Amino acid sequence: MMQPGLVSVTFKHRPCEDVIHYAHKAQLKSIEWHGQNHVPHGDLETARRIGQSTRAAGLAVAAYGSYYVLGRSEDMGLSFDMVLQTAEALGTPLIRVWAGDQSPENTSDDLRTVILEEAGRVADMAAEKRIKVVFEFHRDTLTQTAASCAALLNDLDHPNVCTYWQPAPEFDVKRNLTELRTVLPWLVGLHVFHWGPTHMDRHPLAQGESDWARYLAMARSCPGLLNVLLEFVKGGTVEQFNEDAVTLHRLLA
């Protein structure tokens with residue numbers, strides 16, 4: 001089943017109450033909460049309040065976008081234990097993390113081993129709270145491509161780790177479909193937007209509707225719940241978000 005939602009970083013400078021209102025009015029079903037602007041790490045009172053407010057509006061908490069970077073964050077003073085406590089207070093089934101902060105070709109074997117070992121450790125910790133760890137599918141990480149993402153997940157071989165996916169602006173639809181197919185065994189969600197030819201060039205989702213119809217058709221083969229979350233709205237406006245939400249509903253109909 002596909003669950004339409006919103007990544008709250010789309011409106012990172014707006015209050016949480018506004019984000020909840022936007023998602024509810026657009027008839028979305030969930031919100032992935034931003035771990036810096038909206039639900040700060042370690043602020044358990046805010047996490048509980050936002051989680052309760054989200055559910056009171058009839059929305060699910062899709063994930064906690066922690067921006068925790070494996071192989072780096074602990075050294076920078078952010079413990080995964082703090083992230084996990086915040087996620088538990090929020091009441092989320094998923095914590096989104098980054099698999100390092102360098103591309104696969106720029107990541108040494110030693111650093112890759114550190115990231116793998118830490119991924120296993122945080123996955124074990126999260127499993128005790130019945131929360132899964134999900135990788136951000138992103139450039140300049142070990143999940144920059146589907147091949148590198150699959151290699152990491154295969155080497156990790158942990159039942160409590162999964163991944164998101166998003167299209168790369170430099171690839172055509174055929175290449176992006178190949179990328180998506182590769183990560184399907186671990187897929188739990190997609191970040192939905194239309195951009196190109198670079199990640200700075202953002203367009204209305206309707207302009208990429210035919211592309212996304214193909215991506216979603218492929219993703220439907222995944223069992224269980226699949227979060228389909230709007231992100232990167234052109235201009236960051238509520239008006240464009242509402243238009244994109246209409247397009248997303250049409251795609252999922």
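**Exercise 1. A salt-bridge network**

Task: Find which residues are linked with Arg96 in a network of salt bridges.

Solution. The structure is a predicted model. Start at Arg96. Glu32, Arg96 and Glu136 are linked in a network of salt bridges. Now widen the view to the whole model. The count comes to 11 salt bridges.

**Exercise 2. Bridges between loops**

Task: Locate the two partners of the salt bridge between aspartate 101 and arginine 72, and classify each as buried, partly exposed or exposed.

Solution. Step one is the distance. The N to O distance between these side chains is 3.1 Å. A salt bridge requires such atoms within 4 Å, so the pair qualifies.

Step two is location. Aspartate 101 sits in the loop between strand S4 (94-98) and helix H4 (109-128). Arginine 72 sits in the loop between strand S3 (60-69) and helix H3 (80-90). The two residues are 29 residues apart, and the pair links distant parts of the chain.

Step three is accessibility. Aspartate 101 has 35% relative accessibility and arginine 72 has 40%. Partly exposed covers the range between 20% and 50%, so aspartate 101 is partly exposed, and so is arginine 72.

Task: Repeat the analysis for arginine 139 and glutamate 170.

Solution. Their side chains meet in a salt bridge with an N to O distance of 3.3 Å. Arginine 139 lies in the loop between strand S5 (132-135) and helix H5 (146-156). Glutamate 170 lies in the loop between strand S6 (161-165) and helix H6 (173-183). The pair therefore ties together parts that are 31 residues apart in sequence. Next, check accessibility. Arginine 139 is partly exposed at 34%. Glutamate 170 is partly exposed at 48%.

**Exercise 3. A bridge inside one helix**

Task: Work out how glutamate 179 and arginine 175 are placed along helix H6.

Solution. First, the contact. Glutamate 179 forms a salt bridge with arginine 175, and the closest N and O atoms are 3.5 Å apart. Second, the spacing. The two residues are 4 residues apart in helix H6. An α-helix has 3.6 residues a turn, so residues three or four places apart point the same way. Glutamate 179 and arginine 175 are thus separated by about one helical turn. Third, the surroundings. Glutamate 179 has a relative accessible area of 8%, which makes it buried. Arginine 175 is partly exposed at 37%.

**Exercise 4. The barrel**

Task: Trace the strand order of the barrel and describe how S1 and S10 pair.

Solution. Follow the strands around: S1-S2-S3-S4-S5-S6-S7-S10. These 8 strands form a closed barrel with parallel pairing. Neighbouring strands are turned by 30° against each other on average, direction ignored.

Now look at S1 and S10. Strand S1 (residues 2-7) and strand S10 (residues 226-230) run parallel and are joined by 5 bridges. Leucine 6 stands opposite leucine 230 in S10. Then add a helix. H3 packs on the sheet and touches strand S2 (30-34), S3, S4 and S5. The direction of H3 makes about 170° with that of S3.

**Exercise 5. Helix against helix**

Task: Decide how H1 and H2 are oriented, and name the residues in contact.

Solution. Begin with the axes. Helix H1 (residues 16-25) and helix H2 (residues 44-56) have axes that come within 10 Å and cross at roughly 20°. Angles under 35 degrees count as roughly parallel, so H1 is roughly parallel to H2. The crossing of H1 past H2 is right-handed. Finally, list the contacts. H1 contributes Cys16, Glu17 and Ile20. H2 contributes Arg49, Ile50, Ser53 and Thr54.

Task: Do likewise for H5 and H6, then find the buried residues of H5.

Solution. The axes of H5 and H6 are 9 Å apart, at an angle of about 5°. That makes H5 roughly parallel to H6. Ala146, Ala147, Cys149 and Ala150 in H5 meet Glu179, Thr182 and Val183 in H6. The buried residues in H5 are Ala146, Ser148, Cys149, Ala150, Leu152, Leu153 and Leu156. They pack against H4, S5, S6 and H6. Aspartate 157 follows H5, and its phi is positive, near 50°.

**Exercise 6. A proline in a loop**

Task: Describe the surroundings of proline 93.

Solution. Proline 93 lies in the loop between H3 and S4. Its relative accessible area is 40%, so proline 93 is partly exposed. Setting aside residues up to four places away in sequence, proline 93 touches Val61, Ala62, Ile131 and Lys132.

Conventions. Residues numbered from 1 in each chain as written. Predicted model: local features only at pLDDT ≥ 70, side-chain atom pairs only at ≥ 80, totals over all residues. Heavy atoms only, no water. Buried < 20%, exposed > 50% of the residue type's maximum accessible area, 1.4 Å probe, protein only. Pairing = 2+ DSSP bridges. Axes fitted to C-alpha atoms, helices over the stretch in contact; angles between N-to-C directions. Contact = heavy atoms within 4.5 Å. Parallel < 35°, antiparallel > 145°, perpendicular 65-115°, else oblique. Left-handed = near helix turned anticlockwise from the far one by under 90°.
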